[in-house]
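Student: Please give me a close look at one part of this model, the nonpolar core. Set it in context as well.

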Amino acid sequence: MFPKIFQRWLTFGICFGLLACLQQAPKNASSKSPLSGAEGTKAGAGVLALQEPEVSTLKRVRPRLLGKSLAKALNLNPQGMCLELGKIPCIDLVHKVALGGMNAYGNSQYQFPQSPGITSPIAFDRVILSACIQRAQIDLSNTAEAFIYKDLKLSIDGRLVKDAAIDAALDRLYQKAFLRDPSVQEREALKDLYEDIYHTEPNGAAINWMALSCYAVLSSVESVFY
Amino acid sequence: MHKVFSIFKVWLLLYAVQLHAKPLAPDLFCKAFPDIPACAGSALKCSFCHIPASSSTNAFGSCLQAHLKAKQLPYPSTRETMAEAITAIGDQDCDHDGFPNKQELLAGSLPADANSLPYADRCTETRSQASASAPRWNHCTADLAYVYQKVWKDFCGEPPEFDEYQDFKKLSPDKKKSALTKQLDDCLASNNWRGKDGVIWEIGHYKIRPVGSVKAGEDPGLIPIVDYYADFNLFVYTQIDGHDARDMLLAPYTVSRTGGGSQPTTYTMQSPDRLRDGQLMQPQYRVGLLSTFWNLGFYLNFTGIARVLVAQAFNAYLGFTLSDMQGLNPPDVSLSKFKDYDAKGVARSECAVCHETIDPLAYPFRNYNGLTGTTPNQVFGKGTLADPSNLGDENNLIPLSYSRARLTALDQSYPGIIEMPETGFIFGQRVESLNEWAQVLVNSDAFAANLVRDYWKVLIGHEPKTPGEHQEFTKLWKDFKTVHQYSVDAMLHDLVNTEAYRVP
């Protein structure tokens, strides 16, 4: 139904997986440099091309920050934003460890996991998508009072009317998510996303675009790391 | 035959001496090179020179051995000879990674591991110039707008509002700095930072090591036996509002907590009052988190010698793993009176190498009772523990208290344990009581470095790696002891001003 979105999922998953591997993998031989023979800065030995700091200079968003950021960006109740089986909190309980949190009381896990687990991207997607679907449903039920997708209009055949409200909605989404406006390319990419969705499945294309444009932004690298 | 036996005895003696020398090596090494990253505020693991779970040496250890053999030198037994030996192999590249040992030691990478290389600082001149031309992010100089967002996220647990952020960006550099300071203060008061299950609380997890299934009181588990939230309350209290962080291991008082949820969380120091303030320990014998209901109940339990408790305390408050031979510094046996008091075989040479340090560390817990002698009636009946007037003095065998009768009771199971002294040794220093023991611990460099490292890891995201990070980290924990006077809040104001935190 959402071919490009699946591509995005896949890309995101691969990026997350690669990051996990990079954090665990030893530095490879290509990063080593031969002795050049000049004086070193501290050691007084040869100056070598020191290794680039492959350690992440960015941090991973942990569950509590993820929950609060999502709730704030989308104006949702953090307790009801994502519930497994309709009642068990995704962030605080079910996916807490997968999202990078620790379960001290239940699992005697007293430190944060050092690298993302194999289910981390799936858990992350699950939470973001759930929150974005909620926002899209609430906004579409009354677009005049909408929090993100305000004043969006649908044509008689159910298509999203391309007007300034779309740009304004995308600006709001970026401002809430990243505290900045989208670039021209980012804005156009999300508008193109609507066309892809509509051509794949016209029914419900508007609400699907609302949910998935939100998902595409909030599951991006800029949202996962800081 | 007699001659062969004599040679065997000499070999055995030499072997024993060698065994005794091994744990001293990390200690000697760090005394010889106290300022290198592996030693500053930390201690070497045996894996620095040895293959883990083996007595074989790794590449660096083998280099050292080869050097000693070639020069026909004995194994270093003093700081000076250790310094000479390590310096002599400084220009060698034992792990063949292209970096001489000396450079690896100074940069904080491992000289025995070809995959561990010295890191460069993130911002060289070339990279700074490249970054300056980057359109959105400045990667090589402090970006206060980035720091503002980061302080919000790290300390308040959420991003700022868009308008708030735009207003901040419009401020002059000086006003940005003061706005940042104010924001940090506001966030330090937030529930995300100081509340139940907040950031500080989570830092306390590996120190207190809660077990949800036996939790009593608030949030009870399946088998509610003991409450550890009092430990968290004390820990958080010592980390906020400019309180002395050392009180976590010195405080005779307990701390209560109110608020939470939508209300600000407040911690209040309680006047020490045995049992009425939630602790059975007599106030004059209390040593913060070391003597709490939870710590003694869980880590001392029914055992005679507090080895597990000591190992956990070293891990939690110094970052030392005794099982990795970190922090071993055995005192002279004639002074420490080290002996196998509980018949566990610790005096055997292969055990004594560690236990000559560990057991004297545990001696000051001699009269601190875990659960020895506890009767069901004391816990579940209307007996002793229900009424403070029943507790009596320290000669009574009361659980979770200072009790001179403890070893009398244990002597029936371990004859001779009653001879165990209360005088102990920590970092080679003689102490007469657990309070003195705790004083030595909290005033050590390792305590300050470990606590600052806890916050560094949470806020920077990883342990210090690059030379610049090592430098900033070392300055920070040294200042924590002096400039900040063990105030975590003051230290954090400096931490957010480090290059490591401020540069994206």
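Tutor: The core comes first, then a loop residue, then chain A.

This is a predicted model, in which local features need pLDDT of at least 70, side-chain atom pairs count only at pLDDT 80 or more, and totals for chains, interfaces and linings use all residues; side-chain values use heavy atoms, without hydrogens and water. Residues are numbered from 1 along each chain as its sequence is written, with chains lettered from A and ligands numbered from 1 in the order written.

The largest nonpolar core holds 120 residues. (A core is a set of buried Ala, Val, Leu, Ile, Met, Phe, Trp, Tyr and Cys residues joined through side-chain atoms within 4.5 Å; buried means under 20% relative accessible area, exposed over 50%, partly exposed in between, with a 1.4 Å probe and protein chains only.) Phe155(B), Phe314(B), Trp437(B), Leu441(B), Tyr455(B) and Leu492(B) have the most contacts inside it. Helix α21 of chain B, residues 445–460, contributes most to this core: ten residues. (Helices are DSSP runs of H or I, at least four residues; strands are E runs of at least two; both are numbered from the N terminus.) The core lies between domain 2 (272–442) and domain 3 (445–502) of chain B, because both give residues to it. Those bounds come from an automatic or database domain assignment.

Take Trp437(B). Beyond four places in sequence, its contacts include Leu290(B), Val310(B), Phe314(B), Leu361(B), Pro364(B) and Ile426(B). (Contact means heavy atoms within 4.5 Å.) A second, separate core has 51 residues, among them Leu76(A), Ile91(A), Val127(A) and Cys214(A).

Now the loop residue. Asn58(B) sits between α2 (24–32) and α3 (59–70) of chain B. Asn58(B) counts as buried because its relative accessibility is 11%. Beyond four places in sequence, Asn58(B) touches Ser47(B), Phe48(B), Cys49(B), His50(B), Ile51(B) and Ala112(B). Its side chain also reaches the backbone nitrogen of Phe60(B) at 3.1 Å.

Chain A has nine helices and two strands. Their order is α-α-β-β-α-α-α-α-α-α-α. Of its 226 residues, 46% are buried. Among contacts in chain A with a separation of 6 or more, 61% join residues 24 or more positions apart. Mean pLDDT (the predictor's confidence in each residue, from 0 to 100) is 82 for chain A, and 75% of the residues score at least 70. Residues 14–48 of chain A stay under 50, with 60 contacts in the model beyond four places in sequence.

Technical notes:
Polar contact = N/O pair within 3.5 Å; in protein donor to acceptor, adjacent residues only side chain to side chain.
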